[in-house]
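Subject: Structure for you to look at

Hello,

Here is the structure I promised to pass on. Please open it beside this email, and I will walk you through what turned up.

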Amino acid sequence: MEQEDDETGTKNSNVAVDSESCVTVALPEVRLALFQNDEEESDRVLGDNDNGELNILPKALQRCEHHGSVNSKLPETFQTNHLLFYERFKAYQDYMLGDCKPSEVKAFTADYLEKVLEPCDWLAVWSTDVFSVLVEVCNVELKDLKACVELVLPMQCDTRGCEMTEEDMKSLLEVTQCKVPLQELQVVYNESGDFDQTALALEHLRFFYKHIWREWDEEDEDDDFDYFVRCVEPRLRLYYDILEERVPAGLVAEYHSLLETCSQCFQQFAVLRSNLSADSDSELDNISMVEGLKLYDQLEMLTRKLHIIENPLLRYVLAYKGNSRQQCMQGRGPRESGMMVVHIVTASCNTLLLQSLLNDRLIPLCSAEDTEIQFHRDPVSAVDSCCQGDTVIILPGLYSVNNSIFLPDSITVEGFGLPDEVVIEKKDKGDSFIESTGADVRLSNIKFIQRDAIEGILCVRQGRLCMENCVLQCETTGVIVRTSAHLIMKMCDLYGSKGAGVEIYPGSVCTLIGNGIHHCKDGVLIKEFIDHLDMMPSITMENNVIHNNEGYGVIVVKPNNEERKAGDASEGMWRSACNVKLGHIELFTHQIWPIKQHVASTVGKKWQFNRQLNPNKEVTCVQAVQDLMGDHIFVSIQGNQFRRNGLSDFGTFFF
């Protein structure tokens with residue numbers, strides 16, 4: 001079997017991962033080995049050996065430095081939990097799962113293991129939450145994904161929080177009929193290479209049932225769909241996105257919470273279903289059936305939310321409510337003394353600049369006796385020292401900050417000079433650069449440069465933020481206006497966002513006047529849907545220039561009132577379809593469990609995407625503006641210019 005080029009493989013991780021300790025280390029040599037084009041090496045990496053067995057090892061496996069504690073008496077095992085995304089992707093797609101259906105996963109897995117596992121006579125460490133013990137595998141029962149083992153004497157065992165004797169371990173094995181799950185076995189390291197594929201296969205099995213498989217995956221009434229495409233690939237990508245900190249911490253916490261809630265709901269549903277009598281019409285069974293239907297609906301809702309987070313496109317357009325850590329930031333309120341403070345931020349200052357600052361800003365601000373001046377070397381310490389009503393004046397210079405800037409009080413932060421002269425740059429990773437929750441916050445005359453912030457360069461979570469004459473150089477996501485928040489953005493320049501330049505949530509108020517929004521994925525993303533008690537957003541757009549964005553100038557996300565279906569559409573499929581067909585576009589795609597549909601063969605439930613094309617990209621899109629004015633989310637939309645936006649100036653995304 002010759003190695004095939006897989007476009008997906010080009011998106012692999014640049015790091016290696018230890019899934020147990022969450023430690024990442026660079027493995028450039030392994031990455032190079034995976035992508036080399038040497039024909040002889042390709043045959044070795046992905047091919048068949050002389051006996052017709054699979055040969056899927058990228059290179060000889062190494063040993064773990066230690067098993068358990070440093071003082072463990074157990075032998076060393078193979079190091080397998082550091083695999084790259086590409087390696088796992090290829091193993092599941094080409095060897096373990098292929099195009100199987102959910103009901104066929106166990107059979108396909110057993111068939112894969114039969115080809116690569118040594119059937120008997122190999123040593124392994126049997127690891128549980130309580131102990132790790134050395135055993136010898138005597139036989140493998142692939143139907144049940146279990147192995148028959150014998151205790152190696154004298155016993156070599158590490159325990160955690162308990163004591164176990166040799167007799168205790170023998171009794172435990174006797175109770176289990178000497179059968180243990182294959183996922184709990186780690187192959188003892190052997191330099192011969194005879195057990196490398198066995199160790200790797202068990203790692204793929206262990207990872208799959210820990211991070212990919214869900215108990216409810218088999219519950220689809222009609223499982224006639226490609227399980228790898230719908231479930232395995234998006235979950236695998238999300239795992240590595242989380243590991244490499246490309247997903248906001250709040251969304252990660254929400255995802256794990258949803259998984260736990262969904263698992264509990266399914267367990268309750270399964271118990272209730274198993275207790276129902278097939279032919280019984282008793283009142284108790286009728287009540288149980290009603291409860292079961294409620295649990296089923298709840299399970300369906302939870303799986304839909306999980307699917308939204310797992311799918312990169314849906315995660316982008318629908319996202320989540322936010323990070324509870326930032327939401328709980330409390331403001332200090334006014335000082336008890338009633339004194340106002342002007343905070344001056346500068347690393348150094350010459351006499352001329354100080355004189356100008358005194359005449360132009362300090363004398364007008366400090367005319368009252370109850371005002372004092374404090375000096376700071378960085379903006380973060382100045383903002384952290386603020387109480388309600390304070391003013392922060394930042395003198396010209398480049399200020400590099402490592403932490404997010406939180407604005408929980410009503411304060412004013414202004415640059416003393418032009419935006420290009422007063423620059424704040426964030427380099428370290430974090431959920432967002434600036435978080436605003438104050439009732440009345442004002443920013444002006446500052447340039448913000450985003451480096452590695454995951455959630456956005458600026459997030460208005462609640463309260464009101466007025467930003468004027470600022471420059472926002474984004475690297476990941478732009479400005480986010482959360483539910484119940486109010487943003488007034490005037491005469492600002494925003495560019496470089498890999499998501500939307502401005503992302504507007506339901507129930508928010510957003511006023512955009514005289515801004516430039518350009519070179520982003522999309523210019524303005526408006527989420528026009530009601531979630532729980534939220535109201536529609538209220539938007540004013542006047543005299544903005546929205547240009548050179550990769551996708552749309554303005555895109556509105558709203559529910560499909562005719563058929564509100566959950567689906568799974570890849571971004572590449574979305575964009576290619578939009579480039580081919582104009583006007584109203586219907587994208588046929590996967591559906592969330594329990595809705596049934598295969599991406600390539602079934603024409604059922606749909607994703608719909610509307611485009612309003614501007615015949616002249618160099619002038620204002622008059623017809624599109626007229627159409628949008630009919631939408632009650634716009635208070636005013638006039639004088640805007642839309643130029644050279646990649647897909648169109650306006651679009652509507654139905655979900």
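Phenylalanine 208 and tyrosine 227 are both buried. Please keep in mind throughout that this is a predicted model. For phenylalanine 208 the relative accessibility is 0%, and since buried means under 20%, the residue falls in that class. Its ring and that of tyrosine 227 have centres 6.5 Å apart and planes at 75°; the pair counts as edge-to-face because that angle is over 60 degrees. This contact joins distant parts of the chain: phenylalanine 208 belongs to helix H6 (residues 196-212) and tyrosine 227 to helix H7 (residues 227-243), 19 residues apart.

Phenylalanine 208 has another ring partner. The structure holds 17 aromatic pairs in total, and one of them is formed by phenylalanine 208 and tryptophan 213, a tilted pair with 6.1 Å from centre to centre and 40° between the planes. Is tryptophan 213 buried or exposed? Its relative accessible area is 17%, so tryptophan 213 is buried.

There is also a cluster of rings to look at. Phe85, Phe89, Phe207, Phe228, Tyr239 and Tyr240 are linked by ring pairs. Phe207 has a charged neighbour as well: arginine 88 lies over the face of phenylalanine 207, 3.9 Å from the ring centre. Elsewhere, a similar arrangement can be found at tyrosine 505, where the charged end of arginine 482 sits over the ring at 4.4 Å from its centre.

Phe85, Arg88 and Phe89 bring us to helix H3, since they are among its buried residues. How many of the 12 residues of helix H3 (residues 85-96) are buried? The count is 10, and the helix is mostly covered. Charged side chains are on that list too, including Glu87 and Lys90 along with Arg88. After H3 comes glycine 98, which has a positive phi near 60°. Lysine 101 then sits in the loop between H3 and helix H4 (105-116). With a relative accessible area of 28%, lysine 101 is partly exposed, because this lies between the 20% and 50% limits. In sequence, lysine 101 and aspartate 217 are 116 residues apart, yet their C-alpha atoms are 9.9 Å apart in space.

Now for the sheets. One is an open sheet of 10 strands with parallel pairing, in the order S12-S11-S13-S16-S19-S22-S25-S28-S31-S38. Its edges are strand S12 (371-376) and strand S38 (634-638), each of which pairs on one side only. On average, neighbouring strands here are turned by 10° against each other, direction ignored. Helix H12 (residues 351-365) packs on this sheet and touches strand S11 (340-345), S12, strand S13 (391-394) and S16; the direction of H12 makes about 175° with that of S13.

Some pairings within this sheet are worth tracing on screen:

- Strand S16 (residues 412-415) and strand S19 (residues 441-444) run parallel, joined by 3 bridges; valine 413 stands opposite leucine 443.
- Strand S25 (residues 485-490) and strand S28 (residues 509-513) are parallel partners over 5 bridges, and methionine 489 faces leucine 512 across them.
- S28 also pairs with strand S31 (residues 538-542), again parallel and over 5 bridges; here isoleucine 513 stands opposite glutamate 542.

As you trace them, remember that side chains in a regular strand alternate between the two faces of the sheet.

Another open sheet has 8 strands with parallel pairing, ordered S14-S17-S20-S23-S26-S29-S32-S39. Strand S14 (397-401) and strand S39 (641-643) are the edge strands, each pairing on one side only. The average turn between neighbouring strands of this sheet is 10°, direction ignored. Within it, strand S23 (residues 471-473) and strand S26 (residues 493-495) run parallel and are joined by 3 bridges, with leucine 494 as the bridge partner of leucine 472.

Finally, the overall picture. The protein has 15 helices and 40 strands, and 51% of its 655 residues are buried. Of the contacts with a separation of 6 or more, 67% are between residues 24 or more positions apart. The accessible surface comes to about 30,300 Å², with 49% of it belonging to carbon and sulfur atoms.

Enjoy looking around, and write back with any questions.

Best wishes

Conventions:
Residues are numbered from 1 along each chain as its sequence is written. This is a predicted model: local features need pLDDT of at least 70, side-chain atom pairs count only at pLDDT 80 or more; totals for chains, interfaces and linings use all residues. Side-chain values use heavy atoms; hydrogens and water are left out. Rings of Phe, Tyr and Trp (its six-membered ring) pair if their centres lie within 6.5 Å; planes under 30 degrees apart count as stacked, over 60 as edge-to-face and the rest as tilted. Buried means under 20% relative accessible area, exposed over 50%, partly exposed in between (1.4 Å probe, protein chains only). Helices (H or I, at least four residues) and strands (E, at least two) are DSSP runs, numbered from the N terminus. A charge sits over a ring if NZ of Lys or CZ of Arg is within 6 Å of the ring centre and within 35 degrees of the ring normal. Contact means heavy atoms within 4.5 Å. Accessible areas come from the Shrake-Rupley method with a 1.4 Å probe; for residues, only the protein chains shown count as cover. Two strands pair if DSSP finds at least two bridges between them. Axes are lines fitted to C-alpha atoms, for helices over the stretch in contact, and angles run from 0 to 180 degrees between N-to-C directions.
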